[in-house]
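Welcome, and please open your viewer. We will go from stop to stop, with a selection to make at each one.

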Amino acid sequence: MLETLAKPAASARAPHDPAFGVYVHWPFCLSKCPYCDFNSHVRRDKPDETRFVRAIERELSHVANEIGARTVDTIFFGGGTPSLMQPKTVDAILAAVAQRWPIAGDAEITLEANPTSVEAENFRGYRAAGVTRVSLGVQSLDDAALKFLGRLHTANEALAAVKIAQAAFPRVSIDLMYARPEQTPAAWQAELARALDIGTEHLSLYQLTIEADTAFAALHRAGKLVVPDAEAGRALWDVTQEACDRAGLPAYEISNHARLGAECRHNLVYWRYQEYAGVGPGAHGRIGADGARRATATERSPERWLAAVEARGHSVITDEALTSGEQADELLLMGLRLREGIDTARYETLSGRAFDPERVSALVAEGLIEVREGNLRVTAAGFPLLDAVVADLAA
Ligand SMILES: C[S@@+](CC[C@H](N)C(=O)[O-])C[C@H]1O[C@@H](n2cnc3c(N)ncnc32)[C@H](O)[C@@H]1O
Ligand code: SF4
């Protein structure tokens, strides 16, 4: 596959041109982490990867028939744990995408990986299949924290996996979770400094969130798990921004930091509210350009997904035409997560109204947003209050 993908770019695009991404969901994990509400499932028997590939091929055909010609700029294997897939499975899925749409020569192809030694053994195979970027779920560099988070790897094992990834892929990102119980700003600062020293071009830094219907939610309800309050969370946030700014990896999105040019192009497709197809169990898509845009979602259960695709060629359970107003709301919600902000004309065309000048002036006066030459963005001071800013502008 690598040779097919390395062909000269037929359609290299400027960053702001409409881009098209393909998301592939791999729904299996070796164990369920107590904080996680992603569509991930633990099964005693290994899945039949050949059967899954055939089903993904059929689902890709279904989307291709719906949307027609496109050039693929980004592909993202997310999960679950895609690094449990055999390299030949990734290769077959990439070939299946390439059979339906041309893939840009400079396409970004990301795979989410868990940093265990077993999974690291697959990295060279993924690279040979055409993967250009891995996103490693390191989560913490502290063994006690990793145990608390239910992770199956130690900090040293994760560091070794990152090294193997750095040798195998041109681009590597790591995920860390902070705002863990009793985590002090000094401890987080030291942990983050070690993570920055690893030298990856991209870091995703998430504050631990208690999601409904997780093991952590039950502990939280019972008062056995206490997360930092808003003030403590803010101190940890400030440490995060200062350390990453100093290291040359400023936030380009509320939880994502990168060197200039190393932003995740696939996630930018979501945040810039561009077009993407989603295949695999529980995958979401936004297909069609502005004006006629559809929100799609597939069956979440791997077994029901497989049965539906084998019976009728796809497993789409939601396919809704979004009204212009709904699109405007989504554009605001996604776009304001980005440091670059949104194009106000695009928002106003979709919503059919201008932003309320009084609200805008008040937010500008408070230093929470900036408006300049048709662009509206949230400031560094506004980011910690993003939800309130979005709600205010959407009202
Ligand atoms: C799709 S998930 C996991 C990918 C991969 N299976 C792993 O565990 O490394 C992507 C990232 O979301 C973050 N995440 C998941 N649940 C979270 C939660 N409740 N709070 C904060 N971050 C979370 C983790 O950092 C995780 O790496
Ligand atoms: S965090 Fe990752 S490994 Fe853990 S259950 Fe969720 S998707 Fe699976």
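Begin at ligand 2: the residues of its shell divide into four nonpolar, five polar and two charged. Here Ala, Val, Leu, Ile, Met, Phe, Trp, Tyr, Cys and Pro count as nonpolar, Asp, Glu, Lys and Arg as charged, and the others, Gly among them, as polar. To show the shell, select Cys 29, Ser 31, Lys 32, Cys 33, Tyr 35, Cys 36, Ser 40, Gly 80, Thr 81, Asn 114 and Arg 151; a residue belongs if one of its heavy atoms lies within 4 Å of the ligand.

Before the next stop, two notes on the model. It is a predicted one, where local features need pLDDT of at least 70 and side-chain atom pairs count only at pLDDT 80 or more, while totals for chains, interfaces and linings use all residues. Residues are numbered from 1 along each chain as its sequence is written, chains are lettered from A and ligands numbered from 1 in the order in which they are written, and side-chain values use heavy atoms, with hydrogens and water left out.

Stay with Gly 80 from the ligand shell. Gly 80 sits in the loop between strand 2 (72–79) and helix 3 (87–100); helices (H or I, at least four residues) and strands (E, at least two) are DSSP runs, numbered from the N terminus. Look at the peptide bond from Gly 79 to Gly 80: it is cis, with omega near 15 degrees. Most peptide bonds are trans.

Now for the core. Which residues touch the most other members of the largest nonpolar core? Select Phe 77, Trp 101 and Leu 136, out of 91 residues in that core. A nonpolar core is a set of buried Ala, Val, Leu, Ile, Met, Phe, Trp, Tyr and Cys residues joined through side-chain atoms within 4.5 Å. Buried means under 20% relative accessible area, exposed over 50%, and partly exposed in between (1.4 Å probe, protein chains only). Helix 2 (residues 49–67) gives the most to this core, with eight residues. A second, separate core has 14 residues, among them Tyr 252, Leu 268, Trp 271 and Leu 338.

Helix 2 also holds Arg 58, which is partly exposed at a relative accessible area of 39%. Leaving aside neighbours within four places in sequence, Arg 58 is in contact (heavy atoms within 4.5 Å) with Val 309, Glu 310, Arg 312 and Gly 313. Try a distance label: the C-alpha atoms of Arg 58 and Val 309 are 7.1 Å apart, although 251 residues separate the two in sequence.

Next, select helix 16 (residues 386–394), where Leu 386, Val 389, Val 390 and Leu 393 are buried. Look down the helix axis: these buried residues fall within an arc of 95 degrees, so they line one face of helix 16. The arc is that of the directions from the helix axis to the C-beta atoms. Asp 387 and Ala 388, on the other side, are exposed. Among the elements covering the buried residues are helix 13 (324–335), strand 14 (369–372) and strand 15 (375–378).

Those strands lead to an open sheet of three, in the order 13-15-14, with antiparallel pairing; two strands pair if DSSP finds at least two bridges between them. Strand 13 (342–343) and strand 14 stand at the edges, each with a single partner strand, so one side of each has no neighbour in the sheet. Ile 342 stands opposite Leu 376 in strand 15.

Finish at Glu 373, in the loop between strand 14 and strand 15. Its phi is near 45 degrees, a positive value in a residue other than glycine, and Glu 373 counts as exposed at 83% relative accessibility.
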